[in-house]
Every structure is written in structure tokens, then in C-alpha cells.
Amino acid sequence: MKKLKSFSARCYALLRRVPPGRVTTYRELAKALGSQAYRAVGNALRRNPYAPKVPCHRVVKSDGRLGGFAHGQGRKASLLRQEGIMIKNSRIMDFARRLYRFKFKAP
């Protein structure tokens, strides 16, 4: 029988699929994991030992606000701007176009 990965490991694997210049949300990650545990996603990302390979700075709130980041919201905004994402008043500009949605549910 195949050993199941931890919730955090599955979050990290999905998040690696989000390309530079795009963002996803805690909700989108949870949905792709077959869960409604948005806060659990946030907790997993807060403990991300694989940054920047697992780009947790690309996860924002469902309304386009930046949300939290272990290194501070200013650093998160800086990283996103380096990827070409414009931010105004702590929100992603043109959020709908920048949003990355997963096309499947993870096992």
C-alpha cells in the first residue's frame, strides 16, 4: 500500500505548480486538496521549510489581499512585484487575471 503524504507535503507539491507572475489562494489550495481547511493551508505554508522552491509568497487571500507571510507582508509584496505582479493598497491588481486555479483535486 502506498504511504500517504502529509497535508503539508501535499500543499507544497501543489504550490510548486503555481508559475511566477500568478497567485493562488488559501481556498484554491484547500479545494485542490479536497478540503475546506483554509487555515490548515496557511499553517502549513507558515512552516514551509522549502522556500523559495515552494513559493508560499504566491498565496493570497480570496479577495486579492496579500495575507500573511513569515518574512512580513512587505517582503511578500516585493517578491510578487519582482514577478511582475502589481499591488495597490495591499491587494493584487487585476486579481482575476493573475489567479491560478488548479484543474484537479489531489488524492
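This is a short talk on how the inside of one protein model is packed.

Hi everyone. What we have here is a predicted model, so local features need pLDDT of at least 70 and side-chain atom pairs count only at pLDDT 80 or more, while totals for chains, interfaces and linings use all residues. Residues are numbered from 1 along each chain as its sequence is written, and side-chain values use heavy atoms, with hydrogens and water left out.

Let's start in the middle. A nonpolar core is a set of buried Ala, Val, Leu, Ile, Met, Phe, Trp, Tyr and Cys residues joined through side-chain atoms within 4.5 Å. Buried means under 20% relative accessible area, exposed means over 50%, and partly exposed is in between, with a 1.4 Å probe and protein chains only. The largest core here has 20 residues, and the members touching the most others are Leu15, Leu29, Val41, Leu45 and Phe102. Two or more residues come from each of α1 (7–15), α2 (26–32) and α3 (38–46). Those labels are DSSP runs numbered from the N terminus: helices are H or I with at least four residues, strands are E with at least two. Apart from this core lies another one, of 10 residues, including Val23, Val60, Leu80 and Ile85.

Now look at α3. Which of its residues are buried? They are Val41, Ala44 and Leu45. Seen down the helix axis, the buried residues of α3 fall within an arc of 95°, so they line one face; the arc is that of the directions from the axis to the C-beta atoms. It helps to remember that an α-helix has 3.6 residues a turn, so residues three or four places apart point the same way. On the other side of α3, Arg39 and Arg46 are exposed. The buried residues of α3 pack against α1, α2 and β2, where contact means heavy atoms within 4.5 Å.

Take Leu45 as an example. Leaving aside neighbours within four places in sequence, Leu45 is in contact with Tyr12, Leu15, Tyr26, Leu29, Cys56 and Val59. That last partner, Val59, sits in strand β2 and is buried at 0% relative accessibility. With the same neighbours left aside, Val59 has contacts that include Leu15, Thr24, Leu66 and Lys76.

Close by in the sequence is His57, in the loop between α3 and β2 (59–60). His57 is buried, with a relative accessible area of 6%. Not counting residues up to four places away, His57 touches Phe69, Lys76, Leu79, Leu80 and Glu83.

How many disulfides does the structure hold? The count is zero, with a disulfide being a pair of cysteine sulfur atoms within 2.5 Å. Why no bond for Cys11? Because the closest cysteine sulfur, in Cys56, is 11 Å away, which is too far. Cys11 is buried at 0%, and Cys56 is buried at 12%.

Last, the aromatic rings. Rings of Phe, Tyr and Trp (its six-membered ring) pair if their centres lie within 6.5 Å; planes under 30 degrees apart are stacked, over 60 edge-to-face, and the rest tilted. That rule gives two aromatic pairs. Tyr12 and Tyr50 have ring centres 5.7 Å apart and planes at 75°, so they are edge-to-face. Tyr12 lies in α1 and Tyr50 in the loop between α3 and β2, so the pair ties together parts 38 residues apart in sequence. Tyr12 is buried at 9%, whereas Tyr50 is partly exposed at 49%. Tyr100 and Phe102 form an edge-to-face pair, with 5.2 Å between centres and 85° between planes, and both are buried.

Thanks for listening!
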